[in-house]
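Visitor: I would like a close look at one part of this protein, please. Could you pick a single buried spot, walk me through its surroundings, and then show me how it sits in the whole?

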Amino acid sequence: MKISYKWLKDLIEITETPEQIDRLLTGTGLEVEGIEEIESIKGGLQGVVIGEVLTREKHPEADRLSLTTVDVGGETPLSIVCGAPNVAAGQKVIVATVGATLYPTGSEQPLVLKKSKIRGALSEGMICAEDELGVGTSHDGILVLDTQLPNGTPAAEYFGISSDYLIEIGLTPNRADAASHYGVARDLKAVLKREITLPSVDAFKVDNQTLPIPVEVRNTDACPRYTGLTISGITVAESPEWLKQRLQTIGIRAINNIVDITNYVCHELGQPMHAFDADKVLGKKVIVTTVTENTPFVTLDGVERKISANDLMICNEGIDGNPEPMCIAGVFGGLTSGVTDGTTSIFLESAYFSPVWVRRTAQRFSLKTDSSFRFERGTDPNMPLFALKRAALLIQEIAGGSVSSDIIDIYPEPIEDFKVNIKYKNIDRLIGKSLEKALIKDILESLDIRVTDETETGFTAIVPPYRVDVQREADVIEEILRIYGFGQVELSDALSSDYLSDFPVNDPEKLKLRVAELLVGNGFNEMINNSLTKPEYQAILGESLAGNPVKILNYLSEDLSVMRQTLLFSGLEVIAYNSNRRQKDLKLFEFGKTYHEIDGKFTEKERLSIFLTGNISQESWFEKSREVVFHDLAAFVNQVLTSMKIREVQKQEADSAIFKSGLTLLANKKPVVSFGLLNAAVAKKLDIKAAVYYADFDWEYLLRQYNAAVEYAEVPKFPEVRRDLSVVLNKKVTFEELRQAAYKTERNLLRAVNVFDVYEGANLEGKKSYSISFILQDEQQTLTDKVIDKTMQRLIATYEREFEAVIRK
């Protein structure tokens, strides 16, 4: 944000130096990043004076050179060799003396004057032309003056050279209220306790009704307030020098007097404005509305852009009665409706546009203008009318003309002030110092924040709507502190730090890093995907997803209009992208959040997803490539669970809407991960034909189950014993059911149950055969055959009773 020191002084009395203003503004939170002196003529013409040519003779060695003596106010005239054809005795001229530095027009290199000899003649300076001084472009001859100023007068005095200071402020996004000279002056008003003097608009009046242009606002959500008027009989020309200098100081290129005035008011008051050529407003009517999708529109930069149905446009009535765009509201003007040298009447616009609408449009077109910068952060809804009058008076002063219509001010639902309840004890607590109530009230009122409903314990702060960043109690207290001064809060001798919550026993980030390193070490690549996704993805899984999708109110496109309820489709999009580029062997994982609306409340859940597709390994001289199978994924899932200290799990079939075949593992009867082969129908929704294996972890639950404590036990002194059984039973019985039944039957000696063979064939119709191994161990003594046989008989009896199993001998 660029601010002119002299411009600030027009709004508020300033006796402080630019450096002192720097410290004051930085103390209020408007950090000054730099101060630069700006001169209307570069270098300030130091060492350049007014002189008078006393004599002029032809140079004996050069026909085009003259030998002159010039009085520059010293005791002795200067001898100067001059090549200008128009030099003559008696002229008042501009002389650059020895040591002066000039910045010629069009030259990147400065010119330093030195005493020299030219064709044998001494030259003690230079009689200057316009371009040599940097005050113009003419080089036809030396600049001859018509002045009574005495010889030796500094040229800066003759040219009325002015200097200013450019103050560069690093404006934070929350301080939209300070995006103007008036906004910065408001902070100075608060810290200096001086009043602001805004330019008067009392002289504004409507001259006639010869050019009425009515306005229709069809979308008051996007445009809560719109004001405008017409001015006729103007003359578009170059702006006066003072106006050009003001704009050039802050880096704005002068265009013409009308456009320059709208830019001037924007940077003075923070209210963007736009002027339309009234003769190009078809139908003599302005319509604020949206247009049909993909309407072509050529902006001021000559680029044709396709307008979305979600872009607010300033339109005229069009030839056929359909609105014809003239300007992208709050962002950029149109090529054909702007002010040109031939413009004689204008429609002047000053409005308040919704920050959401302007931000969305500016981002979609990648357009960053002075107007969008302010509108998308939030301007003052109470400023458009004042700014309109201010601009109209400046236009009449500089470009002539008369106000030829009544002011139009469409403001159906005025934006109200913010009301914030404040407690004095919270002010003292957050600032760290008790302030007098009168001082608190004085500071707030200096910031245009009114204090009402005051009691012994607190009050209500009425915050003006231009302070979009002050809507909470902490925000108001921050305003008090930044004006009071951070440096005035003393450090206590008993200064200490404190915290409101305990540090977690298990650091989630360290655990996440541990699992990420585990997966990366196994050849995985990590993904980071967008949390916004397509609404049709959610419909694919339907009731398999928790709750309802969280919809975005100000979405930029239909494809990114809801928050994701699962990490599945983000990962599939990555797989599809890589597969289309012939990268088919993929091992991917992602830590991310899912978002859900459940019973009217919004929740976020941390998840971990793993994807495998293609070949598990590349072909080499010692190993053939092979496709990924279920057990590859299961091995990685088990490694993650082991890393997170999950040892005991229960198994059940995974959701068939997501998995063609898969398992859900439960820890303490709650699902911790579902994994398996993804349904081909789901993958095909993203044009993926290859088999995809997918695992979905409840990362938050994993973190809660993690226990860093390690228990140590003595290695058993007595050996393990293995016994095997072959059982034939109903094919619907799962191994997990058999495993759990074994542990219920024998709790003391059974250490492990494993299946090492499964057989299904035509001779076992409706049944299957499991070959199961049992590991038995007694930590107190060696197992005897009698104890082992008795244990196995109990296990056999359980299988026969609960599963009608047939034991194969």
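**A close look, from one asparagine outward**

Guide: Happy to. Let's begin with asparagine 426, which counts as buried because its relative accessibility is 13%, and buried here means under 20%. Bear in mind throughout that this is a predicted model. Asparagine 426 has its place in helix 11, which covers residues 424-431. If we set aside the neighbours within four places in sequence, the contacts of asparagine 426 are Glu473 and Ile477.

From there, let's turn to the nonpolar interior. The largest nonpolar core holds 54 residues, and Ile169, Ile258 and Ile395 are the ones that touch the most other members. Helix 10, residues 384-399, gives this core its largest share, with eight residues. Isoleucine 258 is a good place to stop: not counting residues up to four places away in sequence, it touches Ile234, Val236, Ala275, Val339, Ile346, Ile395 and Ala399.

Ile169 leads us to another buried residue, valine 32, since Ile169 is among the contacts of valine 32. Valine 32 lies in strand 2, and it is buried, with a relative accessible area of 11%. Beyond its neighbours within four places in sequence, valine 32 is in contact with Asp22, Leu25 and Thr26, and also with Ile167, Glu168 and Ile169. There is a long step in sequence here as well: valine 32 and glycine 170 are 138 residues apart along the chain, yet 6.2 Å separates their C-alpha atoms.

Strand 2 also brings us to a loop, the one that runs between strand 2 (32-39) and strand 3 (48-58), where leucine 45 has its place. Leucine 45 is not a glycine, but its phi is positive, at about 55°. This leucine is buried, with a relative accessible area of 4%. Lysine 193 is another non-glycine residue with a positive phi, in this case about 60°. Its place is in the loop between helix 5 (181-192) and strand 14 (215-217). Lysine 193 is partly exposed, with a relative accessible area of 47%.

For a wider view, try glycine 160, in the loop between helix 4 (155-159) and strand 13 (163-169). At 48% relative accessibility, glycine 160 counts as partly exposed. Glycine 160 and tryptophan 621 are 461 residues apart along the chain, and their C-alpha atoms are separated by 86 Å.

That distance takes us to the whole protein, whose secondary structure comes to 21 helices and 43 strands. Its radius of gyration is 41 Å, well over the 28 Å that the globule rule gives for 809 residues, so the protein is more spread out than a compact globule. Along the principal axes, its C-alpha atoms fill a box of roughly 135 × 70 × 70 Å. Buried residues make up 48% of the 809. Among contacts between residues at least 6 apart in sequence, 70% join residues at least 24 apart.

Finally, the outside. The accessible surface comes to about 41800 Å², and carbon and sulfur atoms account for 48% of that area. As for charge, there are 91 positive and 117 negative side chains, with the centres of the two sets 8 Å apart.

Technical notes. Residues numbered from 1 in each chain as written. Predicted model: local features only at pLDDT ≥ 70, side-chain atom pairs only at ≥ 80, totals over all residues. Heavy atoms only, no water. Helix = DSSP H or I, 4+ residues; strand = E, 2+ residues; numbered from the N terminus. Rg over C-alpha atoms; globule rule 2.2 N^0.38 Å. Buried < 20%, exposed > 50% of the residue type's maximum accessible area, 1.4 Å probe, protein only. Contact = heavy atoms within 4.5 Å. Areas by Shrake-Rupley, 256 points an atom, 1.4 Å probe, with all protein chains shown as cover. Lys, Arg positive; Asp, Glu negative; His and termini not counted. Charge placed at Lys NZ, Arg CZ, Asp CG, Glu CD. Core = buried A, V, L, I, M, F, W, Y, C linked by side-chain atoms within 4.5 Å.
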